[in-house]
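Visitor: I am new to this structure, and I would like to learn how to read it. Could you take me through it, please?

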Amino acid sequence: MRLLCVDEDTSEKVAGAMQKLRPGWDVVFVAERYGCGTKDQVLLELLWQDRRALVSRDRSTLPGWIKQRQAKGLNHAGVLFWDAERFRPDAIGALAEAAVKTVERHEDLTNVVDTIR
């Protein structure tokens with residue numbers, strides 16, 4: 001089973017679409033699981049504790065928090081970035097399919113930072 005979390009900067013419909021594509025996976029929307037507005041550094045720790053990789057568009061702040069965790073010798077559960085230039089925000093199915101393929105490229109997502117293509 002793959003445990004994933006779709007960030008608030010991504011439509012919650014993406015989580016549902018991924019779950020439909022892979023019914024055996026546990027895919028949740030960050031706001032439903034961890035609440036709205038959870039700070040990135042807190043979210044990365046919560047996701048690590050739950051062993052859930054994050055699907056996000058946030059390339060502005062997340063990379064810095066990931067580097068800080070790694071500098072402290074801490075792991076993260078994986079972060080998969082998508083770009084609005086490649087996927088329109090309303091392209092739910094295309095983003096979900098590409099995210100599933102990206103996840104499946106990795107046996108283990110621990111400390112993985114990858115781009116959804």
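Guide: We will go from the overall fold to single helices, a pocket and a few residues. This is a predicted model, where local features need pLDDT of at least 70, side-chain atom pairs count only at pLDDT 80 or more, and totals for chains, interfaces and linings use all residues. Residues are numbered from 1 along each chain as its sequence is written, and side-chain values use heavy atoms, with hydrogens and water left out.

Visitor: How many helices and strands does the protein chain have?

Guide: Helices (H or I, at least four residues) and strands (E, at least two) are DSSP runs, numbered from the N terminus. Here the protein chain has five of each, and along the sequence they follow the pattern β-α-β-α-α-β-α-β-α-β.

Visitor: What does the radius of gyration say about the protein chain?

Guide: That radius is taken over C-alpha atoms, and the globule rule is 2.2 Å times the number of residues to the power 0.38. For 117 residues, a compact globule would have a radius near 13 Å, and the protein chain agrees, with 13 Å. Its C-alpha atoms fill a box of roughly 35 × 30 × 25 Å along the principal axes.

Visitor: What share of the residues is buried?

Guide: Buried means under 20% relative accessible area, exposed over 50%, and partly exposed in between (1.4 Å probe, protein chains only). In the protein chain, 48% of the 117 residues are buried.

Visitor: Which residues of helix α1 are buried?

Guide: In α1 (residues 12–21), they are Val14, Ala15, Ala17 and Met18. Down the axis of α1 they fall within an arc of 165 degrees, so they line one face of the helix; the arc is that of the directions from the helix axis to the C-beta atoms. Lys13 and Lys20, on the other side of α1, are exposed. The buried residues of α1 pack against β1 (3–6), β2 (26–29) and α5, where contact means heavy atoms within 4.5 Å.

Visitor: And which residues are buried in helix α3?

Guide: In α3 (residues 40–50), Asp40, Leu43, Leu44, Leu47 and Trp48 are buried. Their arc around the axis is only 135 degrees, which puts them on the same side of α3. Their cover includes β1, α2 (30–34), β3 (53–56), α4 (62–71) and β4 (79–81). Just after α3, Arg51 has a positive phi of about 55 degrees.

Visitor: How is empty space found, and which residues line the largest pocket?

Guide: Rolling a probe the size of a water molecule over the atoms shows where empty space is left. A pocket is an open set of points, on a 1 Å grid over the protein atoms alone, where a 1.4 Å probe fits, with protein on both sides within 12 Å along at least five of seven lines; lining residues have an atom within 4 Å of a point. The lining of the largest pocket includes Met1, Arg2, Arg51, Glu107 and Thr110. About 170 Å³ of space lies in this pocket, the volume being the space filled by probe spheres set on the points.

Visitor: Is Thr102 buried or exposed?

Guide: Thr102, in helix α5 (residues 92–104), counts as buried because its relative accessibility is 0%. Not counting residues up to four places away in sequence, Thr102 touches Leu80, Asp114, Thr115, Ile116 and Arg117.

Visitor: Where is Arg22 found?

Guide: Arg22 is in the loop between α1 and β2. At 28% relative accessibility, Arg22 counts as partly exposed. Leaving aside neighbours within four places in sequence, Arg22 is in contact with Val100 and Glu104.
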